[in-house]
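Good morning, and thank you for coming. I should like to introduce a protein structure that will be new to most of you.

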Amino acid sequence: MVGVQDVLAQPALALRGVFVPRPAEPVRWVATSELADPSPFLEGGEVLLTTGLDTSGWRDEWEGYVARLRAAGVAAIGFATGLTHDRVPDRLERACRAREVNLFEVPRHTPFVAISRLTARLLEERDRADSRRAVVMQRELTEAAARRDDPGALLRTLSGQVDGGTALLTSTGTPDGGPVGTPPPPSLDMAAEVARIRPQGLRTSASVTVGGHTVVIQPVGVGTRPEGYLAVWSPQPLTDGQRGAVTTAVALLGLAAERRHDRRETDRRLRARALELLLGGDARTTAVLLAAADDRPGEAELPERIRVAWATGDPDAVAEAVGVLESAPAARGTPVLLAGPAGDVLRLADAPERVELAAARLAELGLRVGVGAAVGLDDGERAATTARYALAQTTDVVPVVHWDELVDDGVLALVGDRAAAAFAASFLGPIAGRADLLLTLRAFLRHHGSRGKVAAELTVHRNTVRHRLEEIEVALGRSLDDPATRVSAWVALQADAARRLEG
């Protein structure tokens, strides 16, 4: 950029700096005015030239004059001597020092038009240099992006071009790896900035000043949902060429994201089909499809036993959960071999211990999860059915339910199916047609008799819970305070659940 120091450095002008506290102040243009208040006609960034034609009697007026020009954003005041004033007025100099406004003297033999012409030439040269530099930056970024399928080279190139730093952020605004280049300003809250612009999708960006740095955050992705964000910071304001470089980097990252998106969609379709085959009992074809998804010959190695989990929630939360599961490194023990999102439902299958870890992670992301029974590879249908039923038992208060906790473990394992079904029909018969009472009884047992927790789970008033429990006790002819009644009720509910599942 052209600064005040560049104008003063022109030997043909013979300008003398009187007080120049901000020599790098950018110059946009040169203006000439003899008005007592030229500020309404200024846009900021001008070098204002004046002879002080009507200021021969000024004293305190200089303070207001300089204050108005400072507020208007002038880059400097150029005061001509040898006409109205033999020298730069002391009071003008003091006012400039008080406001930190650049002030220089224009000698009698230097015409204002010469200053305007030479400044215009400097600005034109700057524009041409910026255009050439912009072309070079575009080429450097493109070459960096083409060298490898890794954004690191692109980020390093961009960081050097803006004389600052860059970082890729996830869709939630957390850094995806460390920053490249200079560290970000300590007071920069990138997650908060991303949260502010996320609702606008790909149609917006953030440009803020934090800790003396210019910070730009732009979304990266395809379609309407950002896959991530590019954050750029620099200790100086970005030039037009640098802002163009940021835009180019976003476009190149978007192209890379589109390629990844296409590969990911193909991978998801293969895995979704593999999941269907596994749940249908065709483990051999499942192994072949998984190997194809991983670009490997032959068959993938499947675990000897599997669990299936079904999860549901807000579609955005489901989409985020799929991305989290897909990106989880194997070392953390949470990847899933199969993940098939469908609307607001996510299905996954893997080794039992990995599905249990994945279920806990999904609950942290706000989903409700049903975890099915652990079965062999030839019994995928049962794994899916038990997971689907476990999901039906989840609530906002109890977001994860395991089938084992419902039916497979405990006393039901010692009782035959017919005997259990008969007992459930007999015990629950008086309230069998009342879904509200059955839900209340199940929640009452799950929360060990805490009426407050039951009310919170069912989102009803405590008095409603109390009235329902009284109805249950009257219908059953038993007190729910009796431990034997609670045990019988629990066994009956689990047996009924198993009967309805098999049916």
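I shall begin with the whole chain, then turn to two helix pairs, and end with a single residue.

Please bear in mind throughout that this is a predicted model. The protein contains 17 helices and 16 strands. Along its principal axes, the C-alpha trace spans about 115 × 60 × 30 Å. The radius of gyration is 36 Å, whereas a compact globule of 503 residues would have a value near 23 Å. Of those 503 residues, 47% count as buried. The accessible surface amounts to about 24,800 Å², and carbon and sulfur atoms account for 52% of that surface. As for contacts between residues at least 6 apart in sequence, 62% of them join residues at least 24 apart.

Let us now consider the helix pairs. Two packed helices are described by the angle between their axes and the distance between the axes.

The first pair I have chosen is helix α5, residues 151-162, with helix α7, residues 240-279. Their axes come within 10 Å and cross at roughly 175°. An angle over 145 degrees counts as roughly antiparallel, and α5 and α7 are therefore roughly antiparallel to each other. Which residues of α5 meet α7? They are Pro151, Leu154, Leu158, Gln161 and Val162, and on the α7 side they meet Gln242, Ala245, Val246, Ala249, Leu252 and Leu253. By class, this contact has nine nonpolar residues, two polar ones and no charged ones.

Helix α7 also pairs with helix α8, residues 283-293. Here the axes come within 8 Å and cross at roughly 170°, which makes α7 roughly antiparallel to α8. From α7, the residues taking part are Asp267, Leu270, Arg271, Arg273, Ala274, Leu277 and Leu278. They meet Ala283, Thr285, Thr286, Leu289, Leu290, Ala292 and Ala293 in α8. The contact of α7 with α8 has nine nonpolar, two polar and three charged residues.

Finally, I should like to draw your attention to Leu480, which lies in the loop between α16 (462-476) and α17 (483-502). Is Leu480 buried or exposed? Its relative accessible area is 2%, so Leu480 is buried. Setting aside residues up to four places away in sequence, Leu480 touches Leu441, Phe444, Leu469, Ile472, Glu473, Thr485 and Arg486. Glu470 is ten residues from Leu480 along the chain, and the C-alpha atoms of the two are separated by 9.1 Å.

Thank you for your attention.

Note on methods
Residues numbered from 1 in each chain as written. Predicted model: local features only at pLDDT ≥ 70, side-chain atom pairs only at ≥ 80, totals over all residues. Heavy atoms only, no water. Axes fitted to C-alpha atoms, helices over the stretch in contact; angles between N-to-C directions. Helix = DSSP H or I, 4+ residues; strand = E, 2+ residues; numbered from the N terminus. Parallel < 35°, antiparallel > 145°, perpendicular 65-115°, else oblique. Contact = heavy atoms within 4.5 Å. Nonpolar A, V, L, I, M, F, W, Y, C, P; charged D, E, K, R; others polar. Rg over C-alpha atoms; globule rule 2.2 N^0.38 Å. Buried < 20%, exposed > 50% of the residue type's maximum accessible area, 1.4 Å probe, protein only. Areas by Shrake-Rupley, 256 points an atom, 1.4 Å probe, with all protein chains shown as cover.
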